[in-house]
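Colleague: I have a model open and want to learn how to read it. Where do we begin?

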There are 2 protein chains.
Amino acid sequence: MSSINSERSQLIDHLIGQLKLSSTRGILFHQTLADFLGLNITDHKCLGFLLEEGPQTAGKLAELTGLTTGAVTGVIDRLEKAGYVNREKDPHDRRRVMIAPAMDSQARMGKLFLSLYESSVQMSSQYTDQELNVILRFITESSQMMLQETDKLKQLIETKPSE
Amino acid sequence: MSSINSERSQLIDHLIGQLKLSSTRGILFHQTLADFLGLNITDHKCLGFLLEEGPQTAGKLAELTGLTTGAVTGVIDRLEKAGYVNREKDPHDRRRVMIAPAMDSQARMGKLFLSLYESSVQMSSQYTDQELNVILRFITESSQMMLQETDKLKQLIETKPSE
């Protein structure tokens, strides 16, 4: 391998190392928050989805998160018990049950995320528009890739139920 | 606000939205993996730390992850019971106990991360060196920020023990 290719491959490895570290620290942030809220990390991320996207059926929530419908039922049960969501009949179709965030959920969560949001804005503001567009493209692609990798992982797990 | 500033602020908001989505999807990937391994997501991330950084004392592991020493003890207990780590005496200081990954942990975990690693390399390869350096700087700063925000969150939680 030429030294140019080797430098480039080091750059990519360095980036992947930082992505992993960043993912770990993100998870530890959310774990700290989930511990405080008395939820597990997945419950609390599902609540985040509902706060952003509005009321959803359990099926749609499973689809959005990639969790099984069984796992989603458990998440909703815990969130409902803790007072963060309610099961409500869809006014347009009374046979359909929607999972809706409780009225004060946004305010309770918002306070805990305020500092992270402000720091994110401040950090991003130090980049040019051109740089931000590159970063946005990369993050969007990463996020799409993560979804595909989760699907691949599920297939791998299903075909090899024991290790 | 001028339209230029408004466009820029939309760009930043869009980026922050994608960062959140990417974080959620990363968490769901790790949750899927942790479920399969019979661990919780924090256990499995701590194991990742040990595989990358080598054996650590429980105190150092708490420092690296930002978890309390009590929480770290629980993590180590679960990982040891599941056969992923061993408590070993430090050969250089017999009074010191090191937490070491079990011999086959790397291989067992590596297989599950292989596809994610390969996809990350492939995705990164589509960017120029200059773009990769911008992305690397942003991810490194984000990761540092997450650590600071976790500390701030802990302080907020400690000063307001009930919601």
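The dialogue below takes up the two chains, a helix pair and a record entry.

Modeller: Keep in mind that this model is predicted.

Colleague: How are the two copies related?

Modeller: Start with the general idea. Two copies of a chain are related by a rotation about an axis and a shift along it. Here, a turn of 180° and a shift of 0.0 Å along the axis lay chain B on chain A, with an RMSD of 0.0 Å. The two copies are therefore related as by a two-fold rotation axis.

Colleague: Which C-alpha of chain B is nearest the axis?

Modeller: That of B:Ile135, at 2.8 Å from the axis.

Colleague: Why do the copies meet through the same surface?

Modeller: Because 100% of the interface residues of chain B are also interface residues in chain A.

Colleague: Now a helix pair. At what angle do the axes of α2 and α5 of chain B cross?

Modeller: Roughly 110°. Helix α2 covers residues 41–53, helix α5 residues 105–124, and their axes come within 11 Å. Angles of 65 to 115 degrees count as roughly perpendicular, so α2(B) is roughly perpendicular to α5(B). The crossing is left-handed.

Colleague: Which residues make the contact?

Modeller: From α2(B), B:His44, B:Leu47 and B:Leu51. From α5(B), B:Ser105, B:Gln106, B:Met109 and B:Phe113. By class, four are nonpolar, three are polar and none is charged.

Colleague: What feature does UniProt place at residues 5–144 of chain A?

Modeller: The unreviewed UniProt entry gives "domain: HTH marR-type" there. In the model, that span is 74% helix and 11% strand. Its end C-alpha atoms lie 27 Å apart.

Methods
Residues numbered from 1 in each chain as written. Chains lettered and ligands numbered in written order. Predicted model: local features only at pLDDT ≥ 70, side-chain atom pairs only at ≥ 80, totals over all residues. Heavy atoms only, no water. Axes fitted to C-alpha atoms, helices over the stretch in contact; angles between N-to-C directions. Helix = DSSP H or I, 4+ residues; strand = E, 2+ residues; numbered from the N terminus. Parallel < 35°, antiparallel > 145°, perpendicular 65-115°, else oblique. Left-handed = near helix turned anticlockwise from the far one by under 90°. Contact = heavy atoms within 4.5 Å. Nonpolar A, V, L, I, M, F, W, Y, C, P; charged D, E, K, R; others polar. Least-squares fit on C-alpha atoms with pLDDT ≥ 70 in both. UniProt positions renumbered as here; feature names shortened; annotations may be inferred.
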